[in-house]
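Here are a few exercises to work through with the model open in your viewer. Try each one before you read its solution.

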Amino acid sequence: MANPTTITIRRPDDWHLHLRDGVMLAAVLPFTASQFSRAVIMPNLVPPVRRAAEACAYRSRILAALPHGLNFHPLMTCYLTDETDPDDLIEGQRTGAFFAAKLYPANATTNSQFGVTDLERLNRVLEAMEFAGMPLLVHGEVTDPAVDIFDREAVFIERVLGPIRRRFPALRITLEHVTTADGVAFVEEAGERTGGSVTPHHLTFSRNAMFQGGLRPHFYCLPVAKRERHRQALRAAVTSGHPRFFLGTDSAPHLRSAKESACGCAGLFCAPTALAAYAQVFAEEGALDKFEAFAAENGARFYGLPLNADRITLTAEETDVPEDVPVQGLGTLHPFLGGTRIGWRVDGRPVPARSDAKSG
Ligand code: DOR
Ligand code: ZN
């Protein structure tokens, strides 16, 4: 069957998003809020979001930066540390301040220096989360410098995630931004309480993109893109219709100046193009019939949340992606696929950022 030129699906959710704060938040939020209904907001600010009161304050700042007329629901997360108190955490979930908790192994990625250094110390926290039904979202990479960066996800699964999975069988666990065939196999085999979010960029390019004709910092993120066979495994997983893989953009904006540097930051700002890029992947794989479930149903079902009722339309039409998105007073962001043409367009009017955002 030929691909249709227009598809209408339930409004999707983004199960993994970095919004930052201040003027950056104001600049990036409209791209997500105009396309997605809900998003899981990652807590790796400096200082990180560790307490319920901090999550409530951050949520208020997000809502204050939301352009008028957009209906968007941030789902807040707690940044786990060696000091996280299980009672505080669960109380934060009970009051609705926290949707989930995020495990960053210390020094695995951007702003993870406050993360968990000793996983043994997390046992009481994980036990409490398992009992309370609070999801654990995992950055799945070991930080052992002896482990090659391209092997860090696979080794994490073997050394850390597998044992956590076995020790807390009822805990809902998401392996965030799956990048390897090993991660795909883990999610598939670990049973109904294990899910995996998948980014548009890990579906679109392999590690070669970082070195194509020179060093290309705009393709650098963590976990780093892997070999082509891993990308193919990810594409097969999401287009198979498997219910425990779902959309999580991991849109992680860094200023162009911070990316194009002798020590460039990890992260792609993919919020503007993510949905179109996912549609492109599903179209290329002849699996547009599986797109809605991946984008708008699997995640909500996995987390036990209602499905969104409103709809969004995508049209198969070559669309120019701008090179730069301005951030008031700070510089610009280079969006994923910026400066190229993309095969899909998300219908709807562009929504301008609010100009009254505070810096900081
Ligand atoms: O590339 C990444 N960027 N990976 C992460 O895990 C964090 C993110 C960020 O916050 O910039
Ligand atoms: Zn992330």
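**Exercise 1.** Is D250 buried or exposed?

*Solution.* Start with the cut-offs: buried means under 20% relative accessible area, exposed over 50%, and partly exposed in between (1.4 Å probe, protein chains only). D250 comes out at 7% relative accessibility, so it counts as buried. Run the same check on H16: at 1% relative accessibility, H16 is buried too.

A word on ground rules: this is a predicted model, where local features need pLDDT of at least 70, side-chain atom pairs count only at pLDDT 80 or more, and totals for chains, interfaces and linings use all residues. Residues are numbered from 1 along each chain as its sequence is written, chains are lettered from A and ligands numbered from 1 in the order in which they are written, and side-chain values use heavy atoms, with hydrogens and water left out.

**Exercise 2.** Which residues coordinate the zinc ion (ligand 2), and where do H16 and D250 sit in the chain?

*Solution.* First, pick the donors: N, O and S atoms within 2.8 Å of the metal (3.2 Å for Na, K and Ca); water is not among the atoms, so sites may look incomplete. That gives H16 (NE2), H18 (NE2) and D250 (OD), at 2.0 to 2.1 Å. Next, read off their spacing, H-x1-H-x231-D. H16 belongs to strand β2 (residues 14–17), while D250 is in the loop between β9 (245–247) and α9 (256–259), so the pair links parts of the chain 234 residues apart. Helices (H or I, at least four residues) and strands (E, at least two) are DSSP runs, numbered from the N terminus.

**Exercise 3.** What does the side chain of S37 make a polar contact with?

*Solution.* Locate S37 first: look in the loop between α1 (22–33) and β3 (38–41). S37 is buried, at a relative accessible area of 7%. Now search for N or O pairs within 3.5 Å; within protein, one must be able to donate a hydrogen and the other to accept it, and residues adjacent in sequence count only if both atoms are side-chain atoms. The hit is the side chain of N308, at 3.2 Å.

**Exercise 4.** Which strands pair with β8?

*Solution.* Pairing takes at least two DSSP bridges between two strands. β7 (residues 173–175) pairs with β8 in the parallel sense over 3 bridges, with T174 opposite G195. β9 also runs parallel to β8, joined by 3 bridges, and there F245 partners G196. Finally, check the cover: 5 of the 5 residues in β8 (194–198) are buried.
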